[in-house]
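Trainee: Please take one part of this model and go through it closely. I would like the surroundings as well, with the cut-offs behind each term.

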Amino acid sequence: MPAGRHFLQIPGPSNVPDRILRAMDYPTMDHRGPAFADVGRAALEGAKWVFKTDSRVIIYPSSGTGAWEAALVNTLSPGDTVLMYETGHFATLWKALAERLGLKPVFIEGDWRRGADPEAIEARLREDKGHEIKAVCVVHNETSTGSVSPIAAIRRAIDAAGHPALFMVDTISGLASIDYRHDEWGVDVTVSGSQKGLMLPPGLSFNAISEKAIGASKRSGLPKSYWAWDDMMGPNDKGYFPYTPATNLLYGLNEAIAMLKEEGLANVFARHARHGEATRAAVQAWGLEVLCARSEDYSGVLTAVVMPEGHSADGFRATALENYDISFGNGLSKVADRVFRIGHLGDFNDLMLCGTLSGVEMALSDAGVPHRKGGVQAAMEVLGGGQSAMRAAAE
């Protein structure tokens, strides 16, 4: 094995901090015993704080894909029409899942270079005079492209159309990294997972649910058992779960929430935004192209970088891994081998970013990718300016 630590700079799973690893080291307890209720209540209440909701958050032992399914099967019936927006690979996978469940997705095509367009969503809803569309499903932070969708604006678009559809949002890679407000933005079901901004290993997923969504769940006709919200609610009220929970991951979740509270969500979001800005400055200094085409859609979670014509993104990633023990995200489906993705999320600081970008710059040279030098310096200028501004504000 190479000396030093591996740089895991994919856009999730993210690095798990030592504090969370140590919290998960505690002995597994009886999930039916009296002591577990404190663990369960803390996790459920803490999750509500992260989602910025006063309603319920359901926690599943699953990946985010499970939470996608839970959002749909608890609220919809066979043959229902759902409006979805093609922001990238993960929006496309959610659509495919909906089709497998017997739903009828209407997919607004996108170019994988920007977030969802509220005007296009409003226009499609206005055409739906009979209210056949039962839900609008949007990915908040598209992990395959590094583009963010304007959730508050989409809520306004739904309201402007006067449409009663449920509003469902996937913020699997956005939660606890970029601003998200379940209640204020009028979201009915928010989907997320543990392995991104929450800094945990994969294995927990979440549905934050509105009262409107709970009402819809009482009328839904899709079959559900493992994912059923109603089975969860009674035990959750007492801090328990209807089946075996991921006990040690819940220990880690409570520690992650404690860390987020210590830093403050506003500071967490500002840190991610600064790291995104610094990364894009490096990419532009190298003379390369950021996949996300609009500045208002830029993500603080990751940056997807377009490779020059004739050069393999996967070949570059292999060179970086072999020479510098650093992992970058690969391009997915439509952008396979055309982009690589730099994750800058979770438990991450300025020096870690500088190390990451140094790995990119050295690997670009080793792989023979045409570029200019100075990307790391450009990022350092952004980071230095950010720290100076923060100190000046504090004074």
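Mentor: What follows starts at one annotated lysine and works outward to strands, a loop contact, a sheet and the domains.

This is a predicted model, in which local features need pLDDT of at least 70, side-chain atom pairs count only at pLDDT 80 or more, and totals for chains, interfaces and linings use all residues. Residues are numbered from 1 along each chain as its sequence is written, and side-chain values use heavy atoms, with hydrogens and water left out.

Start with Lys-196. An unreviewed UniProt entry annotates Lys-196 as "modified residue: N6-(pyridoxal phosphate)lysine". UniProt positions are in the numbering used here, feature names are shortened, and annotations may be inferred rather than shown by experiment. The same kind of record, an unreviewed UniProt entry, lists "domain: Aminotransferase class V" for residues 43-328. Over residues 43-328, the chain is 41% helix and 18% strand. The end C-alpha atoms of that stretch are 31 Å apart. Helices (H or I, at least four residues) and strands (E, at least two) are DSSP runs, numbered from the N terminus.

Lys-196 sits in the loop between β9 and β10 (205-209). Lys-196 has 8% relative accessibility, so it counts as buried. Buried means under 20% relative accessible area, exposed over 50%, and partly exposed in between, with a 1.4 Å probe and protein chains only. Leaving aside neighbours within four places in sequence, Lys-196 contacts Pro-11, Gly-12, Ser-14, Thr-143, Ile-172, Ser-173, Leu-345 and Gly-346. Contact means heavy atoms within 4.5 Å.

Now the strands. β9 (residues 189-193) runs parallel to β8, joined by three bridges. Two strands pair if DSSP finds at least two bridges between them. Asp-170 stands opposite Val-191 in β9. Strand β5 (residues 133-139) also runs parallel to β8, with five bridges. There, Val-138 has Val-169 as its bridge partner. Five of the five residues of β8 (residues 166-170) are buried. Leu-166, Met-168 and Asp-170 cover one side, and Phe-167 and Val-169 the other.

Next, Ser-77. Ser-77 lies in the loop between α3 (64-73) and β3 (81-85). Its contacts, not counting residues up to four places away in sequence, are Leu-103, Arg-219, Ser-220, Gly-221 and Leu-222. The Ser-77 side chain reaches the backbone nitrogen of Gly-221 at 2.8 Å. By C-alpha atoms, Ser-77 and Ala-378 are 52 Å apart, with their positions 301 residues apart along the chain.

Then the other sheet. Five strands form an open sheet in the order β1-β13-β14-β12-β11, with mixed pairing. β1 (7-9) and β11 (289-290) are at the edges with a single partner strand each, so one side of each has no neighbour in the sheet. β12 (residues 302-306) and β14 (residues 339-343) run antiparallel, joined by five bridges. Val-305 stands opposite Phe-340 in β14. Helix α10 (residues 265-285) lies across β11, β12 and β14, at about 15° to β12. Axes are lines fitted to C-alpha atoms, for helices over the stretch in contact, and angles run from 0 to 180 degrees between N-to-C directions.

Last, the domains. The protein divides into domain 1 (7-13 + 265-394) and domain 2 (18-261). These bounds come from an automatic or database domain assignment. Taken over C-alpha atoms, the domain centres are 27 Å apart. At their interface, 28 residues of domain 1 are in contact with 31 residues of domain 2.

Note on methods. A polar contact is a pair of N or O atoms within 3.5 Å; within protein, one must be able to donate a hydrogen and the other to accept it, and residues adjacent in sequence count only if both atoms are side-chain atoms.
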